[in-house]
Amino acid sequence: MSDQAPPERPKTKAFDLLASVAAFAREHAIALNDPSLVERFVADATPKLKEALADPTLIHGSRTERLFEATVLSLGRFRLLKTEDIGRVHAADTSRAPDFRIVLDDGEQWLVEVKNVRSKEPFKQDTRMSAAYLASLQTYADMVGTPLKLAIFWSLWNIWTVISPDRFRRPKGGLRVTMKDAVLANESGRLGEVIIMTKPPLRLVLGAATDMPRSLSAEGLANFIIGSAKLYSGDVELTDPRDRKLAEVLLFYGEWSTEGPLAITDGGEFTGVQFVATPEEPSDQGWDGIGWASRIFSRYYAAQTIDGDQVIQLHGEAAPEWFAPLSDWDFKNSKLPLLLGLVQAPAPTGGLSVGQVD
C-alpha cells in the first residue's frame with residue numbers, strides 16, 4: 001500500500017468571474033488592486049442577482065437553454081457542441097449571436113437559437129419573433145456562413161422541435177410558427193431524435209431476500225429486504241445490460257402509466273413487489289409508443305431541476321449512454337422489442353417515417 005497522498009485536483013480558475021469584475025472596475029474607474037473593489041462589486045451585484053432570481057422568464061429561459069444542451073449531449077449525434085453567445089464579438093454590422101454552435105456527425109454546422117414556449121391553451125401553441133430580432137440572428141449567421149436554426153421547447157407538451165426559420169418568415173420579416181407546423185418541419189432527427197415504440201408491459205420486479213424476514217400486512221404494507229431486481233418485457237426477463245438499461249429508462253421516464261408497488265405472492269407467501277408500465281390506451285397492433293427520446297430525457301431533467309412549478313436548478317445531468325446505443329441496436333437478438341420512428345429532415349411538407357432497422 002502506498003503512503004503517498006492522492007494527487008490534488010487542479011483548481012478551476014474563475015475566468016468568468018474575473019471578467020465580470022474587470023468590466024465593473026473599468027466602468028467605475030476602479031483599479032483592480034483597489035482594496036474596496038470586491039466589496040463594491042458585491043454591493044452592486046447583489047440587487048441585480050436578486051432581481052434575476054425573481055424573474056421567472058429569465059429563469060425558465062436559462063433552464064431551457066441548459067436542457068437543450070443536455071438533450072443534444074444525450075441524443076449523441078454530434079461532433080462538437082459549444083456555447084456561441086459568450087465572449088466578446090467585434091463585427092462590422094449589428095448582430096446577435098445565437099445560443100449554440102453544433103457540428104453534426106456528418107460535419108455540417110448549425111447555429112441554434114433556443115426558445116421556450118408555454119401558451120396557456122394546450123391546443124393553441126404558437127410563438128412569434130420580431131423582424132428585428134430575427135434579422136440580428138440572421139446577420140450573425142450570414143457573417144459566419146452557417147445556417148440558422150431555431151430550437152423551440154413547447155414546454156406544456158414537453159416537445160422539442162428544431163426548424164429552419166426561412167419556412168416561417170412573415171411578409172414583413174418577422175416569424176410566426178405553430179407547434180403543429182413546427183413538428184411537421186422538425187429537423188431534430190439530425191441530432192438523433194427518434195420516436196420509441198415497444199410491446200407492453202414493462203415490469204420491474206423486486207424480489208424479497210429469502211434468507212431475511214419478509215411479510216405483508218393486512219393493510220398491504222410490505223416489509224422485506226430486496227434480494228433481486230429483474231426487468232421484464234412482458235414475461236421475458238431482460239438480461240443483456242443494454243436491454244436492461246433502456247427498459248429501465250423507458251419504465252421510469254417514458255409516457256406509459258406505471259402501477260406499483262404491487263405485491264407478489266407465491267402459494268400465499270409474499271415474495272416481492274413489482275412496478276408495471278402500460279400505455280393508457282393500448283393499440284390493437286401490439287406496438288405502442290412510449291415517447292420521443294427528447295421527451296423521455298426532458299422528464300429526467302425535470303426531476304433534477306423542477307420542484308412543483310419552481311425551478312430549483314438550471315443545470316441537470318446529461319445521459320449520453322441512454323440513446324446512443326439505438327444507432328446500432330441489435331434488433332434480431334435483443335429481447336426488448338423495439339420500433340423506432342425516424343424524425344427525418346423534411347421536404348417542404350415535412351413528415352415522419354417509422355421503421356425497424358434489422
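## A tour of two strand regions

I196 stands opposite L340 in strand β19. Select these two residues to begin; the model is a predicted one.

Widen the selection to β19, residues 339–342, and to β8: the two strands pair in the antiparallel sense over four bridges. I196 belongs to β8, where V194, I196 and T198 point one way, while I195 and M197 point the other way. In a regular strand, side chains alternate between the two faces of the sheet. Colour β8, residues 194–198, by accessibility: five of its five residues are buried.

Next, add strand β16, residues 288–292, which runs antiparallel to β8 and is joined to β8 by four bridges. To find the register, pick M197 and its bridge partner in β16, G289.

Now move to another sheet. Select β1, β2, β3, β5 and β6, which form an open sheet in that order, with mixed pairing. β1 (78–83) and β6 (159–163) stand at the edges; each has a single partner strand, so one side of each is left without a neighbour in the sheet. On average, neighbouring strands here are turned by 25 degrees against each other, direction ignored.

At the β6 edge, show β5 (residues 148–154): five bridges join β5 to β6, and the two run antiparallel. One pair to label is F153 with its bridge partner W160 in β6.

Finally, turn on the helices. Helix α4, residues 131–144, packs on the sheet and touches β2, β3 and β5. The direction of α4 makes about 160 degrees with that of β3. Helix α3, residues 56–75, lies across β1, β2, β3, β5 and β6, and runs at about 135 degrees to β3.

Terms used. Residues numbered from 1 in each chain as written. Predicted model: local features only at pLDDT ≥ 70, side-chain atom pairs only at ≥ 80, totals over all residues. Heavy atoms only, no water. Buried < 20%, exposed > 50% of the residue type's maximum accessible area, 1.4 Å probe, protein only. Pairing = 2+ DSSP bridges. Axes fitted to C-alpha atoms, helices over the stretch in contact; angles between N-to-C directions. Contact = heavy atoms within 4.5 Å.
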